[in-house]
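The exercises below concern the predicted model shown next. Each task is followed by a worked solution.

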Amino acid sequence: RRAADGRFEGGMQDLVRAALVSPKFLFRIELDSRPRETTPQTLDDFQLASRLSYFLWSTQPDEALLDLASKGQLGTQLDEQVQRMLRDPRSIALVQNFGMQWLQLQRLATFQPDATLFPAFDEGLRRAMLRETELFLGEIVRDDRSLLELVDADFTYVNRPLARHYGLESEAFPGDADGGDRRRNRRRSGEFVRVTLPDRKRGGLLTQASILTATSNPTRTSPVKRGKWVLEQILGTPPPPAPPNVPELDSQKELSGTLRQRMEQHRANPSCANCHRQMDALGFAFENFDAIGRLRDRDADGAIDPSGTLPDGRSFQGPADLRLILRDKKDLVTRNLAEKLLTYSLGRGLEYYDERALRKILAEVADSEYRFSSLVLSIVHSDPFRMRRGLGAAAASAVAPDVERPK
């Protein structure tokens with residue numbers, strides 16, 4: 001370019017442009033020293049260090065990983081390195097990048113409940129909801145707690161606004177009675193503390209305000225959205241797609257009664273019954289929480305009935321009972337999380353040939369009492385994580401053709 005127009009700046013612009021669109025800049029490329037091999041190949045230690053670091057920390061390997069890789073010792077010290085990395089503060093990247101995707105909490109960032117109906121909701125409360133979930137997941141990762149506590153746990157994290165929202169001020173801030181030191185109260189307003197939940201009304205992810213709000217409508221709760229979320233994000237058993245041209249519940253003026261009664265009438269339509277039979281019972285279990293996650297016993301329609309019966313015949317009287325039922329479905333809960341975390345670690349969707357590795361991961365997690373670290377360790381030891389398929393001669397020719405030799 002400089003030779004063409006005599007401008008050094010133009011040449012540099014082309015150079016930077018070429019670098020920015022290069023696949024080697026846009027992607028983490030694992031260069032292949034044997035591109036024509038058709039058999040699976042084990043990653044070298046530097047490639048393994050990179051996969052591991054981007055999986056758990058979302059950044060490049062640190063000196064400890066690179067030092068082991070340079071000595072060819074990372075593979076033999078993988079367990080120790082995984083445990084070190086999970087305890088490291090940088091593991092918060094796994095919570096922020098994987099956890100928030102898995103839980104589909106992006107919607108909360110833009111969700112705006114009706115200000116007239118929910119005047120207590122503001123930006124501070126929105127941030128507190130997200131932070132609670134982040135701190136809760138962080139403890140599961142950092143302290144190597146059971147995966148089943150994601151469904152049912154006896155602790156959470158709150159700051160003063162969220163504690164007030166939950167009715168937990170006396171448990172979270174027992175020394176701060178009304179009329180105390182105002183300066184101290186202001187200082188601690190945004191401070192999060194770990195609190196043991198005093199009863200079974202809340203527990204685990206499903207009753208956190210972030211989830212309950214993100215699965216609501218601006219003016220009311222949505223048992224359908226909440227039930228669908230549990231099926232998809234917790235159990236990994238998504239309902240069949242809704243038939244086309246089904247009107248929204250609120251637009252069906254012929255329906256009458258409470259929200260539950262209107263949904264029962266809506267479900268009488270055979271084309272709607274199949275989907276709603278799975279979702280509605282799960283969603284109604286959380287009707288004691290309003291559209292921004294506050295506890296309630298009544299709504300505008302009257303007393304709330306959170307009981308229900310699942311398609312497998314198991315009945316519950318409210319969210320506490322349902323959480324125990326879901327915790328008993330440990331195989332579904334664990335498989336769903338394993339699928340999503342393995343997908344995240346590989347950067348690709350799972351295929352039929354990953355099933356064998358997935359079954360092995362699940363067996364190892366069950367043998368380790370469902371500890372979070374056992375899931376991560378089983379993933380990083382799995383063939384999909386430690387190996388890659390050979391490109392084969394045809395694919396290799398397309399990707400890296402031979403350089404033409406002078407005749």
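The exercises go from the chain as a whole to helix packing, aromatic pairs and single residues.

**Exercise 1. The chain as a whole**

Determine how many helices and strands the protein chain has, what share of its residues is buried, and what share of the contacts joins residues 24 or more positions apart.

Solution. Step 1: the secondary structure comprises 21 helices and 8 strands. Step 2: of the 407 residues in the protein chain, 45% are buried. Step 3: among contacts with a separation of 6 or more, 68% are made by residues 24 or more positions apart.

**Exercise 2. Helix H19 and helix H6**

Classify the packing of helix H6 against helix H19 from their crossing angle, and describe the contact.

Solution. Step 1: helix H6 spans residues 78–87 and helix H19 residues 372–381; their axes come within 10 Å and cross at roughly 135 degrees. Step 2: an angle over 145 degrees would count as roughly antiparallel, and 65 to 115 as roughly perpendicular. The crossing angle therefore makes H6 oblique to H19. Step 3: the crossing of H6 and H19 is right-handed. Step 4: H6 contributes Leu-78, Asp-79, Val-82, Gln-83 and Leu-86, which meet Phe-372, Ser-373, Val-376, Leu-377, Val-380 and His-381 of H19. Step 5: sorted by class, this contact of H6 with H19 has 7 nonpolar, 3 polar and 1 charged residues.

**Exercise 3. Helix H19 and helix H18**

Repeat the classification for helix H18 and H19, then examine the loop between H18 and H19.

Solution. Step 1: the axes of H18 (residues 355–367) and H19 come within 9 Å and cross at roughly 150 degrees. Step 2: this angle makes H18 roughly antiparallel to H19, since the cut-off for that class is over 145 degrees. Step 3: the crossing of H18 and H19 is right-handed. Step 4: Ile-361, Glu-364 and Val-365 on H18 meet Ser-374, Leu-375, Ser-378 and Ile-379 on H19. Step 5: the contact of H18 with H19 has 4 nonpolar, 2 polar and 1 charged residues by class. Step 6: the loop between H18 and H19 holds Glu-369, which is exposed at a relative accessible area of 57%. Although not a glycine, Glu-369 has a positive phi of about 60 degrees.

**Exercise 4. Aromatic pairs around Tyr-344**

Describe the geometry of the pairs that Tyr-344 forms with Phe-55 and with Phe-98, and state which parts of the chain they link.

Solution. Step 1: the whole structure has 6 aromatic pairs. Step 2: the ring centres of Phe-55 and Tyr-344 are 6.3 Å apart and the planes stand at 55 degrees, so this pair is tilted. Step 3: Phe-55 lies in helix H4 (residues 45–56) and Tyr-344 in helix H17 (residues 330–346), so the pair ties together parts 289 residues apart in sequence. Phe-55 is buried, with a relative accessible area of 1%. Step 4: Phe-98 and Tyr-344 have ring centres 5.4 Å apart and planes at 55 degrees, so this pair is tilted. Step 5: Phe-98 is in helix H7 (residues 92–102), and its pair with Tyr-344 in H17 links parts 246 residues apart. Phe-98 is buried at a relative accessible area of 9%. Step 6: one aromatic cluster is formed by Phe-55, Phe-98, Trp-102, Tyr-344 and Phe-385.

**Exercise 5. Single residues and their surroundings**

Is Gln-41 buried or exposed, and which residues does Gln-41 touch beyond four places in sequence? Place Leu-130, Asp-44 and Asp-144 as well.

Solution. Step 1: Gln-41 belongs to strand E1 (residues 41–42). With 5% relative accessibility, Gln-41 is buried, since the cut-off is under 20%. Beyond four places in sequence, Gln-41 touches Asp-32, Arg-34, Arg-386, Met-387, Arg-388 and Gly-390.

Step 2: Leu-130 is part of helix H8 (residues 123–142) and is partly exposed at 24%. Outside its neighbours within four places, Leu-130 is in contact with Met-100, Leu-105, Leu-108 and Ser-210. The C-alpha atoms of Leu-130 and Ser-210 are separated by 5.8 Å, with their positions 80 residues apart along the chain.

Step 3: Asp-44 sits in the loop between E1 and H4 and is partly exposed at 38%.

Step 4: Asp-144 occupies the loop between H8 and strand E2 (155–158). Asp-144 is partly exposed at 24% and, while not a glycine, has a positive phi of about 55 degrees. Most residues other than glycine have a negative phi.

Methods
Residues are numbered from 1 along each chain as its sequence is written. This is a predicted model: local features need pLDDT of at least 70, side-chain atom pairs count only at pLDDT 80 or more; totals for chains, interfaces and linings use all residues. Side-chain values use heavy atoms; hydrogens and water are left out. Axes are lines fitted to C-alpha atoms, for helices over the stretch in contact, and angles run from 0 to 180 degrees between N-to-C directions. Helices (H or I, at least four residues) and strands (E, at least two) are DSSP runs, numbered from the N terminus. Angles under 35 degrees count as roughly parallel, over 145 as roughly antiparallel, 65 to 115 as roughly perpendicular and the rest as oblique. A crossing is left-handed if the near helix is turned anticlockwise from the far one by less than a right angle, and right-handed if clockwise. Contact means heavy atoms within 4.5 Å. Ala, Val, Leu, Ile, Met, Phe, Trp, Tyr, Cys and Pro count as nonpolar, Asp, Glu, Lys and Arg as charged, and the others, Gly among them, as polar. Buried means under 20% relative accessible area, exposed over 50%, partly exposed in between (1.4 Å probe, protein chains only). Rings of Phe, Tyr and Trp (its six-membered ring) pair if their centres lie within 6.5 Å; planes under 30 degrees apart count as stacked, over 60 as edge-to-face and the rest as tilted.
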